[in-house]
Amino acid sequence: MERTTCCVVGGGPAGMMLALLLARAGVAVTVLEKHGDFLRDFRGDTVHPSTLTLLDELGLGAEFAKVPHRLVEQLQVQLDSGLLPVADFRRIPGPHKHLALVPQWDFLGLLADAGRAEPTFTLRMQTKATELLTEGGAVTGVRYRSGDGGSGELRADLTVACDGRRSVLRDAAGLRARSFGVPLDVWWFRLPRHDGDPTGGIARFGSGQGTVVIDRGDYFQCAYLIRKGTDATLRAEGIETFRRRVAAMIPWLGDRVEAVGDWDDVALLDVRLDRLVRWSTEGLLCLGDAAHAMSPVGGVGINLAIQDAVAA
Ligand SMILES: Cc1cc2nc3c(=O)[nH]c(=O)nc-3n(C[C@H](O)[C@H](O)[C@H](O)COP(=O)(O)OP(=O)(O)OC[C@H]3O[C@@H](n4cnc5c(N)ncnc54)[C@H](O)[C@@H]3O)c2cc1C
């Protein structure tokens, strides 16, 4: 029988940070991650000053600085009359007076490398937790399936569900989530960024629409807010209508909206917002999106997941 002290299910920000902190404290920890790598669809990349400070405290600040990233010092709102600064991170106390935009896979890779340097840390990729193991009502580990088609059981003193906003473990444990209605969904797409374009993050809202563009160096990661449930109807209006709407909202993007070739370039995010009433049951703790699914608005999800790990 396989055994560890702490079994962490999910190698996202919550799971990787928790595992690193536990391993640094000498606790035997095994992370099960169902994917073979950290490369996934765009999952957000806003690393806040609180997380940057934590990386410093863990001695990882210098490593983080080597990862390609952009620093954002202010956010601006697009008005008809021009750009209006609405947030200035240079006024935040502490050493990091900016947000850092770093691809989530690079950030997770950094945490994984730091973890692997610890003797009590194990990361098992392509290993999916399929069921909770229980004894006398208490969670005692998980059953898993590995990439080669094999399966097994990992027993642990504590199992931590960091398996994201569609957590199967929290459902399996019967933990109840309170859902908060969200009136919007988000379309994600990319547009090229040209020399001389505004830097940082720019947002525009109005007439039931919203667009946020995030400076990623040679491109903008763009979010277009739509009313919940209107994805199919709006797509039926055609890609040209969408391009025109984006150009009308942020006119200086009008010269490049053709870069959205067809609807395959536009990914739908079904936005959810919920929070568990109770985050734990005997032998099991839920952290990150598994405990409280976050919307992408404000770019707080990664950072709250990290803070969950620190608090735990
Ligand atoms: C499109 C989008 C954009 C976003 N933008 C931002 C942003 O800009 N800034 C920000 O801070 N937040 C953003 N967020 C939110 C942020 O991504 C999440 O809040 C954050 O990643 C939560 O971290 P987590 O570790 O709890 O869960 P996740 O990041 O969801 O990680 C869960 C992990 O568990 C793994 N997993 C799931 N089930 C199993 C299983 N059964 N067995 C093994 N492994 C499993 C998954 O593969 C995944 O790696 C965005 C989210 C989305 C969807």
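**Exercise 1. The ligand site**

Find which polar backbone atom lies 2.9 Å from an oxygen atom of the ligand, then describe the surroundings.

*Solution.* Start with the backbone: a polar backbone atom of A14 is 2.9 Å from a ligand oxygen. Keep in mind that this is a predicted model. Next, look at P13, where a polar backbone atom is 3.2 Å from an oxygen atom of the ligand. Then turn to side chains: H35 places a polar side-chain atom 2.9 Å from a ligand oxygen. On its own the ligand exposes 1000 Å², and the protein buries 95% of that.

Now widen the view. The ligand is surrounded by 35 residues, the closest being E33, R40, R43, T46 and D289. Sorted by class, this shell holds 14 nonpolar, 13 polar and eight charged residues. Among the elements, α1 (13-24), β9 (127-135) and α8 (301-311) each contribute at least two residues, and α8 gives the most, with four.

**Exercise 2. Two salt bridges within helices**

Work out how R116 and D113 are placed in their helix, and do likewise for R243 and E240.

*Solution.* Take R116 and D113 to begin with: their closest N and O atoms are 3.1 Å apart, forming a salt bridge. Both belong to helix α4 (residues 104-116), and because they are three residues apart, about one helical turn separates them. R116 is partly exposed at 48% relative accessible area, while D113, at 51%, counts as exposed.

Move on to R243 and E240, whose side chains meet in a salt bridge at 2.6 Å, N to O. They lie in helix α7 (residues 239-249), again three residues apart, about one turn. Here R243 is buried at 10% relative accessibility, whereas E240 is partly exposed at 35%.

**Exercise 3. A bridge between distant parts of the chain**

Locate R193 and D215, and decide whether each is buried or exposed.

*Solution.* The side chains of R193 and D215 form a salt bridge of 3.4 Å, N to O. R193 sits in the loop between β13 (184-192) and β14 (201-206), and D215 in strand β15 (residues 209-215), so the pair, 22 residues apart, links distant parts of the chain. For burial, apply the cut-off of under 20% relative accessible area. R193, at 16%, counts as buried, and D215 is buried at 3%.

**Exercise 4. A nonpolar patch**

Name the residues that make the nonpolar surface patch of about 310 Å².

*Solution.* The patch is made by L75, L79, L84 and V86. The elements giving two or more residues to the patch are β5 (74-79) and β6 (82-88). L79, in strand β5, is partly exposed, with a relative accessible area of 35%.

Definitions and conventions: Residues are numbered from 1 along each chain as its sequence is written. This is a predicted model: local features need pLDDT of at least 70, side-chain atom pairs count only at pLDDT 80 or more; totals for chains, interfaces and linings use all residues. Side-chain values use heavy atoms; hydrogens and water are left out. A residue is near a molecule or strand if one of its heavy atoms lies within 4 Å of it. A polar contact is a pair of N or O atoms within 3.5 Å; within protein, one must be able to donate a hydrogen and the other to accept it, and residues adjacent in sequence count only if both atoms are side-chain atoms. Accessible areas come from the Shrake-Rupley method with a 1.4 Å probe; for residues, only the protein chains shown count as cover. Ala, Val, Leu, Ile, Met, Phe, Trp, Tyr, Cys and Pro count as nonpolar, Asp, Glu, Lys and Arg as charged, and the others, Gly among them, as polar. Patches are made of residues with over 30% relative accessible area and no salt bridge: like charges are joined within 9 Å, nonpolar side chains (Val, Leu, Ile, Met, Phe, Trp, Tyr) within 5 Å. A salt bridge is a side-chain nitrogen of Lys or Arg within 4 Å of a carboxyl oxygen of Asp or Glu. Buried means under 20% relative accessible area, exposed over 50%, partly exposed in between (1.4 Å probe, protein chains only).
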